[in-house]
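Colleague: Can you walk me through this one? I'd like contacts and charge pairs, and then the cysteines.

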Amino acid sequence: MSGSGVELTHRAMAMLKAVAAGRAQMSCSCEPDLFIDGFACCDQMTAHALARGGYLRPAVEAAAGRVPAELTEAGRAALEITVAA
């Protein structure tokens, strides 16, 4: 996935930063839920969009329950652009 078609709001960027910092987990499902610091993320619609848009993914494939979340190449690039701006 290219990471396009998702509006990267301040909230979405904060979610990506939490994933980059190793503070996030996600459920392994077709609409994965995101958990930050052990708590369910307040905006699961954005979490789903980030996963569908190719910005983040489960770090472990074919697992059940919650697994660590990781950034994809598109997610890392989105954070790099904001840091450079």
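**Contacts, charges and cysteines**

Modeller: Leaving out residues up to four places away in sequence, L71 touches L16, V19, A20, Y55, L56, R57, R76 and L79; contact here means heavy atoms within 4.5 Å. This is a predicted model, in which local features need pLDDT of at least 70 and side-chain atom pairs count only at pLDDT 80 or more, while totals for chains, interfaces and linings use all residues. Residues are numbered from 1 along each chain as its sequence is written, and side-chain values use heavy atoms, with hydrogens and water left out.

Colleague: Where is L71 found, and is it buried or exposed?

Modeller: L71 is in strand 5. Helices (H or I, at least four residues) and strands (E, at least two) are DSSP runs, numbered from the N terminus. L71 is buried, at a relative accessible area of 9%. Buried means under 20% relative accessible area, exposed over 50%, and partly exposed in between, with a 1.4 Å probe and protein chains only.

Colleague: What separates the C-alpha atoms of L71 and Y55?

Modeller: They are 5.9 Å apart, and the two residues are 16 residues apart along the chain.

Colleague: What is the mean pLDDT of the chain?

Modeller: The mean is 89, and 91% of the residues reach 70 or more. pLDDT is the predictor's confidence in each residue, from 0 to 100. Among the elements, strand 2 (residues 34-36) has the highest mean, 97, and helix 3 (residues 73-84) the lowest, 86.

Colleague: On to charges. How many salt bridges does a search of the whole structure find?

Modeller: Four. A salt bridge is a side-chain nitrogen of Lys or Arg within 4 Å of a carboxyl oxygen of Asp or Glu. One of them joins D43 and R11, at 3.2 Å from N to O. D43 lies in the loop between strand 3 (39-40) and helix 2 (44-52) and R11 lies in helix 1 (residues 10-20), so this pair ties together parts 32 residues apart in sequence.

Colleague: D43 and R11, buried or exposed?

Modeller: D43 is buried, with a relative accessible area of 15%. R11 is partly exposed, at 43%.

Colleague: Which residue forms a salt bridge with E31?

Modeller: R52 does, and the closest N and O atoms are 2.9 Å apart. E31 is in the loop between strand 1 (24-27) and strand 2, and R52 is in helix 2, so the pair ties together parts that are 21 residues apart in sequence. E31 is partly exposed at 32% relative accessibility, and R52 is partly exposed at 47%.

Colleague: And E70, which residue does that form a salt bridge with?

Modeller: E70 pairs with R57, the closest N and O atoms being 2.7 Å apart. The pair links distant parts of the chain, with E70 in strand 5 (residues 66-71) and R57 in strand 4 (residues 56-58), 13 residues apart. Both count as partly exposed, E70 at 28% relative accessibility and R57 at 37%.

Colleague: Which ring does the charged end of R66 sit over?

Modeller: The ring of F35, with the charged end 3.6 Å from the ring centre. The rule asks for NZ of Lys or CZ of Arg within 6 Å of the ring centre and within 35 degrees of the ring normal.

Colleague: Change of topic. How many disulfides are there?

Modeller: Zero, a disulfide being a pair of cysteine sulfur atoms within 2.5 Å.

Colleague: Why no bond for C41?

Modeller: Because the closest cysteine sulfur, in C42, is 5.0 Å from the sulfur of C41, too far for a bond. C41 is buried, with a relative accessible area of 13%, whereas C42 is exposed, at 70%.

Colleague: Last one, helix 2. Which residues are buried there?

Modeller: Q44, T46, A47, H48, L50 and A51. What covers the buried residues of helix 2 includes helix 1, strand 1, strand 2, strand 3 and strand 4. Just after helix 2, G54 takes a positive phi of about 85°.

Colleague: What does Q44 touch?

Modeller: Not counting residues up to four places away in sequence, Q44 touches P32, D33 and L34. Q44 counts as buried at 19% relative accessibility.
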